[in-house]
Amino acid sequence: MQNHGTMTKDNHAALWHGRFEEGPDAQAVEFETSIYVDERMALDDIKGSIAHATMLMESGIITKEEGKQIVNGLEGIEKDLTEGKLSIDYSAEDIHSFIEATLTDRIGEAGKKVHTGRSRNDQIALDERLYLRRFIPQLTDSIKTLISSLVNIAENNLTTLIPGFTHMQHAQPVTLAHHVCAWAWMFVRDCGRLEDCLKRIDYSPIGSCALAGSSLPLNREYEAKLLGFSGVTQNSLDSVSDRDYCIETASALSLIAMHLSRACEEIVLWSTSEFAFIELSEKWSTGSSIMPQKKNPDFAELIRGRTGKVYGNLFALLTMMKALPLAYDRDMQEDKEPLFDSCDTVLSCIKVFTQMVATAKWNSKNMEAACNEGYLNATDIADYLVKKGMPFRTAHGVSARAVRLAIEKKCELSELSIQEYKNLSDLIEEDIYSFITPEFCVKARTTTGGPSPERVKDQIKALQEFCK
């Protein structure tokens with residue numbers, strides 16, 4: 001553990017130091033400080049403090065002159081931090097302590113009144129909610145950029161055939177457009193989950209204080225309105241002990257990571273010489289230190305690997321909270337590192353994935369050739385017979401026998417003779433051959449959500465509308 005300095009008389013004293021005659025041990029300070037993690041919420045903390053000071057002033061708890069001093073002082077700190085004129089003091093216990101101490105240094109005694117009617121317990125809950133309200137729209141915008149990139153691929157590959165798989169076995173032919181749209185719809189759901197997270201984040205806990213509210217005439221509703229919240233939390237104990245919004249966000253992030261990982265797994269498979277469906281740009285590939293011929297899909301693999309870290313962060317939060325009595329416990333300080341790490345990891349993975357797929361080349365010849373192997377058109381033989389009145393289960397058996405015959409002859413279904421088909425069923429005519437081409441198989445699947453070009457165009461239109 002690095003030594004970042006000890007608390008001295010010249011450092012900002014801890015906000016709770018009045019009860020103690022002795023200062024904390026340097027190792028204790030090092031162990032408990034959170035400012036290296038929560039410094040990213042500096043501007044959120046200032047925003048919350050400005051609203052709090054305004055409420056205190058409007059409620060008559062502090063004078064208008066004191067309120068103006070505090071607000072002006074906080075705005076000056078915000079400006080200096082933004083412009084790089086003020087650096088974070090890492091000897092402070094946390095970002096709240098740093099902001100308050102800096103304010104008091106600048107404006108004097110009035111700065112000591114900014115914390116009136118609040119605790120760090122409700123202050124941190126507020127800061128986290130303000131931070132997530134900023135971060136989630138940024139993340140959603142990045143996801144929509146990714147969806148738009150997938151839509152562009154789809155628009156250019158409406159008729160590009162690719163095998164569809166179940167159990168990693170050839171199943172039925174689809175198109176590349178249909179497949180990448182499947183990825184896109186996963187991310188649409190992710191955006192919906194993030195929007196749901198925001199609904200529950202959008203309530204202000206400030207004014208709940210340590211756990212039991214305040215005897216001061218705080219106007220929580222007014223302060224919440226200043227901060228743009230939908231309302232206030234309804235129970236002071238729950239307000240400071242709740243971290244559902246962190247866990248829910250981490251859960252949504254885990255699902256995003258899982259969707260990215262599934263797509264990356266396919267990209268890794270498709271970039272092998274055995275598949276050769278996709279060639280990643282050299283800008284988004286790496287080589288080998290010993291094998292000169294290698295072109296590795298490392299970025300897809302890294303996204304897949306980092307999914308485990310995002311899952312771990314979710315379980316760290318769940319485990320941290322599972323046995324905590326109400327209300328606040330210091331364990332909850334450990335909520336920020338896993339939450340912020342998941343935020344950073346998922347956002348970076350989305351940006352990398354977007355560029356990686358946007359610059360890739362798709363080998364349509366290999367994909368289409370693969371559609372002529374593995375009897376992907378077997379179901380279409382059954383559908384052909386169903387349209388002529390045969391019960392599906394019977395038709396399924398006829399198609400299965402056709403596959404068995406083709407396996408024995410080591411040929412494709414399109415290479416069986418018409419007589420061999422008629423031996424299986426008198427209902428089969430010469431038109432069977434046009435009915436079982438991969439192109440026709442795809443074009444015929446016109447149900448909503450199906451792979452036919454017309455239905456995929458519908459998906460593309462809906463996805464484009466979503467991304468506006």
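**Salt bridges and a cavity**

Asp44 is buried, with a relative accessible area of 3%. The model in which this value was computed is a predicted one. Asp44 counts as buried because its relative accessible area falls under 20%.

The side chain of Asp44 has a charged partner: together with the side chain of Arg134 it forms a salt bridge, with 2.7 Å from N to O. This pair joins distant parts of the chain, since Asp44 sits in helix H3 (residues 42-58) and Arg134 in helix H6 (residues 120-155), 90 residues apart. Arg134 has a relative accessibility of 45% and so counts as partly exposed. The bridge thus has a buried acid and a partly exposed base.

Another salt bridge pairs the side chains of Arg106 and Asp80, at 2.9 Å from N to O. Here too distant parts of the chain are linked: Arg106 belongs to helix H5 (residues 95-107) and Asp80 to helix H4 (residues 64-82), with their positions 26 residues apart in the numbering. Asp80, at 16% relative accessibility, is buried, whereas Arg106, at 40%, is partly exposed.

Arg455 and Asp458 give a local case. Their side chains meet in a salt bridge of 2.8 Å, N to O. Both residues lie in helix H19 (residues 453-467), three residues apart, which is about one turn of the helix. Neither partner is buried: Arg455 is partly exposed at 23% relative accessibility, and Asp458 is partly exposed at 42%.

Salt bridges can also join into networks, as they do for Glu93, Asp94, Arg120 and Arg330. Over the whole structure, the search finds 28 salt bridges.

The next topic is internal space. Rolling a probe the size of a water molecule over the atoms shows where empty space is left. In this structure, four cavities of 30 Å³ or more are found. The second largest cavity holds about 50 Å³ of space.

Which residues lie nearest the centre of the second largest cavity? They are Asp45, His96, Glu100, Arg118 and Gln123, from a lining of 12 residues. Helices H3 and H5 each contribute at least two residues to this lining. H5 provides the largest share, four residues. By residue class, the lining of the second largest cavity consists of five nonpolar, four polar and three charged residues.

Helices H3 and H5 therefore appear in both parts of this account: H3 carries Asp44, H5 carries Arg106, and each helix supplies residues to the lining of the second largest cavity.

How values were computed:
Residues are numbered from 1 along each chain as its sequence is written. This is a predicted model: local features need pLDDT of at least 70, side-chain atom pairs count only at pLDDT 80 or more; totals for chains, interfaces and linings use all residues. Side-chain values use heavy atoms; hydrogens and water are left out. A salt bridge is a side-chain nitrogen of Lys or Arg within 4 Å of a carboxyl oxygen of Asp or Glu. Buried means under 20% relative accessible area, exposed over 50%, partly exposed in between (1.4 Å probe, protein chains only). On a 1 Å grid over the protein atoms alone, a cavity is a set of points where a 1.4 Å probe fits but cannot get out, and a pocket is an open set with protein on both sides within 12 Å along at least five of seven lines; lining residues have an atom within 4 Å of a point. Grid points are joined across faces, edges and corners, and a volume is the space filled by probe spheres set on the points. Ala, Val, Leu, Ile, Met, Phe, Trp, Tyr, Cys and Pro count as nonpolar, Asp, Glu, Lys and Arg as charged, and the others, Gly among them, as polar.
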